[in-house]
Amino acid sequence: MRHRRNLLIYVSALVLLSAHAATTRAAELADYPSEVKADIPVNYTEAEVGDYELPDPLSFESGQPVDSAAAWRERRRPELHAIFERHQYGRAPAEPREIRYEVTEPPTPALDGAAVREQVTIHFGTGDTAQHMDLLVYVPADRDGPSPLLLSISFMPNNMCVDDPAVHVGRRWDRREGRRVAADGPSPFPGRLPVRQFIDRGFAIATFCYSDVDPDAPGAIEQGVRQQYLPAGKSQPADDEWGAIAAWCWGISRAVDYFEADDLIDAQRIAITGISRLGKTVMWAGANDQRIAAVIASCSGEGGAALSRRNYGETIAHLTAVGRFDYQFCKNYQHWAPDPTAAPVDAHELVALIAPRPLLLQTGTTDKWSDPKGEFLAAAAATPVYELLGETGVEITELPDPDTLVGGTLAYYMHDGGHGMVPGDWQVFLDFLQQHLGE
Ligand code: GCU
């Protein structure tokens with residue numbers, strides 16, 4: 001009898017142990033063979049990451065400690081923001097010049113009466129250099145007051161992001177032709193934005209196409225908003241002035257300007273989301289524009305939420321190599337490429353610039369190029385700032401299991417899968433938004 005009991009204890013211990021081992025194993029990401037991109041080696045082996053020391057977000061550049069929330073807000077935050085602005089994304093004009101909102105569709109019943117759809121074109125400038133972006137908004141029909149909103153900055157024009165024939169045909173950037181063309185063909189992503197899911201949960205959802213604001217292409221500056229702000233005789237922004245990411249952020253802020261005047265939207269509860277280079281964009285937009293109440297960054301990777309000092313996946317050198325993505329950042333960013341450890345900041349401080357507002361970093365287990373673990377470590381290293389401001393962050397130090405949300409106001413979620421979003425991520429986003437911006 002006693003033997004049987006001992007055996008039972010032994011077997012259940014084994015089961016527990018193997019369950020634990022499975023958990024631990026799942027949270028360790030596989031190594032991959034290294035490769036070379038743009039003549040620069042790419043490391044995908046955890047043991048080869050090397051040692052590095054992160055700068056302390058709660059220490060001024062002078063070395064003095066940041067000992068209060070007020071010191072963070074009034075002095076340290078601006079200090080860090082200025083470094084990212086000057087050396088990574090570039091300075092954008094504070095106030096837009098010559099802006100005009102044209103309501104191309106006033107609030108109209110949509111989705112069988114469940115929502116109200118509104119379409120607006122925001123015009124920048126006039127004459128030869130004029131640009132415009134199309135904004136599409138759905139708001140729950142059944143609402144007591146202005147709705148909280150998720151604004152998605154998207155790769156595709158509005159009519160290609162939703163399954164709704166009433167949405168005006170937008171423009172997409174044609175790489176081969178080097179210009180915008182009408183997006184009147186079938187959408188490769190019909191219904192990408194799960195509008196109905198948001199409406200049913202009491203959230204408005206909006207989108208605009210990033211290339212309406214500035215093309216995602218090197219050497220195409222004359223077809224975007226940045227061109228309107230170049231001093232006479234100059235054909236490129238100065239070394240500390242905006243790259244394309246900062247221009248896309250500027251577009252997000254112009255949409256927020258519009259929503260501040262739109263009675264359907266609660267301007268205090270605007271969240272933003274974007275994927276990949278647009279994940280980097282929403283990180284910087286959230287750091288820059290404190291009217292944005294929450295950020296969800298999908299696979300933002302290097303130049304976004306992944307630590308640069310961690311040599312895994314893409315590096316600053318890959319990003320800024322000529323002919324790759326250098327035009328997305330300011331010119332100064334190239335200084336950090338040879339040695340990211342010499343940079344005064346790292347990605348955890350970009351994360352900290354969003355504090356105390358809700359931020360969700362979503363990654364994927366096999367998205368090795370974007371370094372999902374590097375984003376987790378950035379969140380963990382930014383947590384003391386969230387805590388100083390009275391909010392919760394990511395307190396665990398080991399990479400969590402896939403498909404598990406960890407953290408609080410600053411949260412991390414790694415889906416089991418690759419780059420970008422998988423359909424189940426929307427539910428996670430909605431739950432996060434509901435928790436932080438819901439009624
Ligand atoms: C490239 C780039 C990444 C970027 C991605 C994307 O892979 O190296 O930094 O995130 O494009 O935007 O899809």
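In this predicted model, a good place to begin is with helix α2, residues 69-89, and helix α7, residues 277-288, whose axes come within 11 Å and cross at roughly 140°. An angle over 145 degrees would count as roughly antiparallel, so α2 and α7 are oblique to each other instead. As for the sense of the crossing, α2 passes α7 in a left-handed way.

Helix α2 has another partner to look at. Its axis and that of helix α9, residues 347-354, come within 10 Å and cross at roughly 130°. Here too the angle leads to an oblique arrangement, so α2 and α9 are described as oblique to each other. The crossing of α2 and α9 is left-handed. If you are wondering why an angle and a distance are quoted together, two packed helices are described by the angle between their axes and the distance between the axes.

Following the chain on from α9 brings you to a loop. Pro356 is found in the loop between α9 and β12, the strand at 359-364. The peptide bond that joins Ala355 and Pro356 is cis, with omega at about 0°.

Another loop also deserves a visit. Between β3 (99-110) and β4 (115-124) lies Asp112. Asp112 is not a glycine, yet its phi is positive, at about 55°.

Now let us turn to the ligand. Which residues are around the ligand? They are Ser276, Arg277, Lys280, Glu314, Leu319, Phe325, Trp369 and His419. By character, this shell divides into three nonpolar, two polar and three charged residues. Helix α7 spans residues 277-288, and Arg277 and Lys280 are among the residues around the ligand.

Three side chains place an N or O atom at the following distances from an oxygen atom of the ligand:

| Side chain | Distance from its N or O atom to a ligand oxygen atom |
|---|---|
| Ser276 | 2.7 Å |
| Arg277 | 2.5 Å |
| Trp369 | 3.0 Å |

How much of the ligand's accessible area does the protein cover? On its own the ligand has 320 Å² of accessible area, and the protein covers 81% of that.

To retrace the route, α2 crosses α7 in a left-handed manner, and the crossing of α2 with α9 is left-handed as well. The loop between α9 and β12 holds Pro356, while Asp112 sits in the loop between β3 and β4. Around the ligand, Ser276, Arg277 and Trp369 each have a side-chain N or O atom at the distance listed in the table.

Note on methods:
Residues numbered from 1 in each chain as written. Predicted model: local features only at pLDDT ≥ 70, side-chain atom pairs only at ≥ 80, totals over all residues. Heavy atoms only, no water. Near = heavy atom within 4 Å. Polar contact = N/O pair within 3.5 Å; in protein donor to acceptor, adjacent residues only side chain to side chain. Areas by Shrake-Rupley, 256 points an atom, 1.4 Å probe, with all protein chains shown as cover. Nonpolar A, V, L, I, M, F, W, Y, C, P; charged D, E, K, R; others polar. Axes fitted to C-alpha atoms, helices over the stretch in contact; angles between N-to-C directions. Helix = DSSP H or I, 4+ residues; strand = E, 2+ residues; numbered from the N terminus. Parallel < 35°, antiparallel > 145°, perpendicular 65-115°, else oblique. Left-handed = near helix turned anticlockwise from the far one by under 90°.
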